[in-house]
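Hi everyone, and thanks for making time for this. Please bring the model up on your screens, and then we can walk through a few places together.

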Amino acid sequence: MGPLIECVPNFSEGRRRDVIEAIVEPFRRRRGCMLLDYRADPDHNRLVVSLAGAPEPIQDALLEAAKTAAAQIDLNRHRGAHPRIGAVDVIPFVPLRHISMEECVALAHSFAKRYYEETGIPVYFYEEAALRPERKRLEVVRRGQYEELKDAVSNPERHPDVGPPKLHPTAGATVIGARKILVAFNVNLGTSDVRIAKEIAKAVRASSGGLAHVKAIGLALEDRGLVQVSLNVTDYEKNALYRVTELIRLEAKRWGVPVVETEIYGMVPAAALLESAAYYLQMADFSPDQVIELKMLDMLGGEAE
């Protein structure tokens, strides 16, 4: 079996169904590229696609999808709750099997050059692919979003890593990188006061003294009359989902608001869910090997090698 990667491109479109389907179409029909999941959120105005497969067909499908997105999305008109700097906002490569993180970094760097040449969209590198230490964090690269970056891109400290110091006039810029598997995890709260979600996000996220390996922002879900603490858990083995949930629940109690529900956005490792299930069910000495489907898959994988 050859190298296997995950890729989770994020596009700045969550409302127009025809555009969403046109963006996703290349991932459906490209041989060697498996479309695992795609979800569009109208409040975020964002499409998150989960792919797995060999690096070459995934890159080919990404370029085709990016060209569609660039032709259909104008960031000068785009509005949504989620931060963004590009029509194709972020493309992370994640090593799954028979490929190292270093190889995914090299893949990100080589793909970015091809991406710019074929789309005209400049690229910033982040996470393990970052060329500057201050750009490792995605939120730093996206500071001020598209609206601020349009002018700030001319400053040397905000120059793209690939391409000239200017944005694509409608598609902005794209952030490309290599990272570990993360869990996109949302906690929805029973209030319409977005200030509460923002304060709780500040208390939870690592950058302001909260939990390590947790990124969080507070957003309004205006169509539902709720607010959301939207999180990326960048290392679920070091901070479990139950721990994140319980801290948010405690902080929400201080404000007198309930946790209405939680959401997993996109794909998630079974281990991330099983650890929290074991916690809430108070299961002693539980092992993932006790899950019959996982045990069988592990046995089948061993035979395939």
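Let's begin at Gln145, which sits in helix H5, residues 145–152. This is a predicted model, by the way, so please hear every value I give as computed. The phi of Gln145 is near 60°, a positive value in a residue that is not glycine. Why does that deserve a mention? Most residues other than glycine have a negative phi. As for its surroundings, Gln145 has a relative accessibility of 26%, so it counts as partly exposed.

There is another residue of this kind to show you. Asn45 has a phi near 55°, again positive and again in a residue other than glycine. You will find Asn45 in the loop between strand E3 (33–41) and strand E4 (46–53). Is Asn45 buried or exposed? Its relative accessibility is 5%, and buried means under 20%, so Asn45 counts as buried.

Now please turn to the helices H1 and H2. Helix H2 covers residues 55–72, which makes 18 residues. From its first C-alpha to its last, H2 reaches 26 Å, close to the 26 Å expected at 1.5 Å a residue. Quite a list of H2 residues is buried, including Pro55, Pro57, Ile58, Leu62, Leu63 and Ala66.

Helix H1, residues 17–29, packs against H2 at an angle of about 170°, and the two axes are 8 Å apart. Which way does H1 run relative to H2? Angles over 145 degrees count as roughly antiparallel, so that is the description for this pair. On the H1 side, the contact is made by Val19, Ala22, Ile23, Pro26, Phe27 and Arg29. On the H2 side, the residues taking part include Ala61, Leu62, Ala65, Thr68 and Ala69. If you look back at the buried residues of H2, Ala61, Leu62, Ala65 and Ala69 are among them.

Next, the sheet. Four strands form an open sheet, in the order E9-E10-E8-E11, and the pairing is antiparallel. Which strands sit at the edges? They are strand E9 (214–221) and strand E11 (259–265), and each of them pairs on one side only. On average, neighbouring strands in this sheet are turned by 20° against each other, direction ignored.

Let me go through two of the pairings. E9 and E10 run antiparallel and are joined by eight bridges. One spot to look at is Lys215, whose bridge partner in E10 is Asn232. The hairpin made by E9 and E10 has four residues between the strands, and Gly225 in this hairpin takes a positive phi near 70°. The other pairing is between strand E8, residues 183–189, and E11: six bridges, also in the antiparallel sense. Here Phe185 stands opposite Ile264 in E11.

Helix H7, residues 241–255, packs on this sheet. H7 touches E8, E9, strand E10 (226–233) and E11, and its direction makes about 25° with that of E8.

One residue in H7 is worth a closer look, and that is Thr245. With a relative accessible area of 7%, Thr245 is buried. What does Thr245 touch, leaving aside residues up to four places away in sequence? The answer is Phe185, Thr262 and Tyr280. We met Phe185 a moment ago, opposite Ile264. Thr245 and Val187 are 58 residues apart in sequence, yet their C-alpha atoms are 7.5 Å apart in space.

On to helix H8, residues 270–281. Its 12 residues should span 16 Å at 1.5 Å a residue, and the end C-alpha atoms are 16 Å apart, so the two agree. The buried residues of H8 are Ala272, Leu274, Ser276 and Ala278. Just after H8 comes Gln282, which takes a positive phi of about 55°.

Last stop: the cysteines. How many disulfides does the structure hold? The count is zero. To see why, start with Cys7: the closest cysteine sulfur is in Cys33, 8.2 Å away, which is too far for a bond. A disulfide needs the two sulfur atoms within 2.5 Å. For Cys104, the closest cysteine sulfur is in Cys7, and at 9.5 Å that is again too far for a bond. Cys7 is buried, with a relative accessible area of 0%, and Cys104 is buried at 0% as well.

That's my tour, and I'm happy to go back to any of these places with you.

Technical notes:
Residues are numbered from 1 along each chain as its sequence is written. This is a predicted model: local features need pLDDT of at least 70, side-chain atom pairs count only at pLDDT 80 or more; totals for chains, interfaces and linings use all residues. Side-chain values use heavy atoms; hydrogens and water are left out. Helices (H or I, at least four residues) and strands (E, at least two) are DSSP runs, numbered from the N terminus. The expected span of a helix is 1.5 Å times one less than its number of residues. Buried means under 20% relative accessible area, exposed over 50%, partly exposed in between (1.4 Å probe, protein chains only). Two strands pair if DSSP finds at least two bridges between them. Axes are lines fitted to C-alpha atoms, for helices over the stretch in contact, and angles run from 0 to 180 degrees between N-to-C directions. Contact means heavy atoms within 4.5 Å. Angles under 35 degrees count as roughly parallel, over 145 as roughly antiparallel, 65 to 115 as roughly perpendicular and the rest as oblique.
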